[in-house]
Amino acid sequence: MTTHGFSGAAVRALLSWFEKEQRYMPWREQKSAYRTWISEIMLQQTRVDTVIPYFNRFMKHFTDVYELANAKQDEVLKFWEGLGYYSRARKLHECAQVLVTDYHGVFPETYEELLKLPGLGPYTAAAITSIAFAQPVPVVDGNVFRVHARLYGDYDDISKPNTRKKVFEHLLEPVKVSKHPSYFNQGIMELGALICTPQNPNCTKCPVSKFCYAKSNKVQSELPVKKPKTKVPEKDVAIFLLEDEKYVLLQQRHEKKLLGKMWELPGSEFKDKPEEVLVKIKEQTGFELKVGKKLKIFRHAYSHFKVKAHLYEATHCGTAIVGTGLHDVQWVEKSNLSEKAFGKIALDILKYLKLRKA
DNA sequence: AAGTCGGGGAG
DNA sequence: CTCCCAGACTT
């Protein structure tokens, strides 16, 4: 009768599995706190395969914390385009400047100090302390929640903040015993990504299956426990294409909102008719638009709502004040449209516009 | 405690 | 379609 959870033997099994089976990741080469930091921020809620090309491009352009700190925010955002959660990029930039001004460009090496930096929460602070500075602080991410819940048979709701604390404290001992905090932490996460997956975990290949509560009780599909989320509403949005031979009118989104500071075709949500949006556009930009032909509908799903975007041609009647700097609107040359930072819907529209010409 | 914030891969 | 990913931050 073996006990469940991370005994010394289970920890050793995990480590030797990790050393053999770990995937190649560029940030595991030429390891530094800077590289670990950038990779960990990019990896927040984002898969490894998605991050790799972004990481390589980013590191090539911003080779150290000083280059990042001295860059313009728009430039940083440009290298983040398509990766999502853009506040990560803004915090990353802000953090680089804090490091340069307050820390002589050098990362503090303790969990508590790292936690104070912008964009670094419990997970990322633990990841940097353990991976870059070899200290025994456990990481708790989605993979760890899952592996831990199954291994120990823990039915606590992982969406509750208290559960994170419990798991963290529960893993303090094993990560210390392991002697290799970096490998222990990365090992659990790699196990969660490759073997102990959300659906249909591959227990036959799992190095710690004989220490696993869920495996021996056949309850893998019940763990981890997570409160069901409420289903998402769909919003109707009207978007207007106002153009001449050379230019298209773009509007900048509010800084602190969804897709903050991104440029897009002017438009917003409506309840009944798309004309409702024209009033708002006039207030915000001074442009008096008239709705033209309906061109196409674009759909996109965000985390907690869906968008049904109706694209219309538009003309403007009356005189508009342009170029005063008072309005967050800009005529952009069609050839330069992709120079602005775009979200997914805008990129789809851009693709459509190019296609429409041909 | 609940809501906000992206985009994409897997099934 | 649904789920969830090497989460952090605001309200």
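This report describes a predicted model of a protein with two DNA strands, beginning with the DNA and continuing with the helices and the backbone.

## The surroundings of DNA strand B

DNA strand B is surrounded by 19 residues, and the closest of these are Gln45, Thr46, Tyr85, Lys227 and Leu259. By class, the residues of the surface near this strand comprise seven nonpolar, eight polar and four charged. Among the atoms of DNA strand B that lie within 4 Å of the protein, 55% are part of sugar or phosphate, while the rest belong to bases.

Individual polar contacts involve both the backbone and the side chains of the protein. Lys227 places a polar side-chain atom 2.9 Å from a phosphate oxygen of DNA strand B. Leu258 also approaches a phosphate oxygen of this strand, with a backbone N or O atom at 3.0 Å. At Leu83, a backbone N or O atom is found 3.3 Å from a base nitrogen of DNA strand B.

## The surroundings of DNA strand C

Around DNA strand C there are 24 residues, of which Met25, Gly119, Thr124, Arg146 and Met189 are the closest. The surface near this strand is made up of ten nonpolar, eight polar and six charged residues. Of the atoms of DNA strand C within 4 Å of the protein, 59% come from sugar or phosphate, and bases supply the rest.

Gln45, named above among the closest residues to DNA strand B, also has a polar backbone atom 2.8 Å from a phosphate oxygen of DNA strand C. A polar backbone atom of Pro122 is 3.4 Å from a phosphate oxygen of DNA strand C. Asp141 contributes a polar side-chain atom, which lies 2.8 Å from a sugar or linking oxygen of the strand. Two or more residues of the surface near DNA strand C are given by each of the elements α8 (122-133) and α9 (142-152).

## Helix α11 and its partners α9 and α1

Helix α11 spans residues 181-194, and its axis comes within 8 Å of the axis of α9, with a crossing of roughly 85°. Because of this angle, α9 counts as roughly perpendicular to α11. On the α9 side, the contact is made by Asn143, Val144, Arg146 and Val147; on the α11 side, it is made by Ile188, Met189, Leu191, Gly192 and Ala193. These residues divide into six nonpolar, two polar and one charged. Arg146 and Met189, which take part in this contact, are also listed among the closest residues to DNA strand C.

Helix α1, residues 8-21, also packs with α11: the axes come within 9 Å and cross at roughly 70°. The crossing angle therefore makes α1 roughly perpendicular to α11. From α1, the residues Val11, Leu14, Leu15, Trp17, Phe18, Glu19 and Glu21 meet Tyr183, Phe184, Gln186, Gly187, Ile188, Glu190, Leu191 and Leu194 of α11. The contact of α1 with α11 includes ten nonpolar, two polar and three charged residues. Ile188 and Leu191 of α11 appear in the contact with α1 and in the contact with α9.

## Helices α5 and α6

Helix α5 (residues 73-80) packs against helix α6 (residues 87-103) at an angle of about 135°, and the axes are 9 Å apart. This angle is why α5 is described as oblique to α6. The crossing of the two helices is right-handed.

In this contact, α5 supplies Gln73, Val76, Leu77 and Trp80, whereas α6 supplies Arg88, Ala89, Arg90, Leu92 and His93. By class, the contact has five nonpolar, two polar and two charged residues.

## Backbone features in two loops

Most residues other than glycine have a negative phi, and most peptide bonds are trans. Tyr85 is not a glycine, yet its phi is positive, at about 45°. Tyr85 is placed in the loop between α5 and α6, and the same residue is named among the closest to DNA strand B.

The peptide bond that joins Leu223 and Pro224 is cis, with omega about 0°. Pro224 is found in the loop between α12 (213-217) and β1 (234-241).

Note on methods. Residues numbered from 1 in each chain as written. Chains lettered and ligands numbered in written order. Predicted model: local features only at pLDDT ≥ 70, side-chain atom pairs only at ≥ 80, totals over all residues. Heavy atoms only, no water. Near = heavy atom within 4 Å. Polar contact = N/O pair within 3.5 Å; in protein donor to acceptor, adjacent residues only side chain to side chain. Nonpolar A, V, L, I, M, F, W, Y, C, P; charged D, E, K, R; others polar. Helix = DSSP H or I, 4+ residues; strand = E, 2+ residues; numbered from the N terminus. Axes fitted to C-alpha atoms, helices over the stretch in contact; angles between N-to-C directions. Parallel < 35°, antiparallel > 145°, perpendicular 65-115°, else oblique. Left-handed = near helix turned anticlockwise from the far one by under 90°. Contact = heavy atoms within 4.5 Å.
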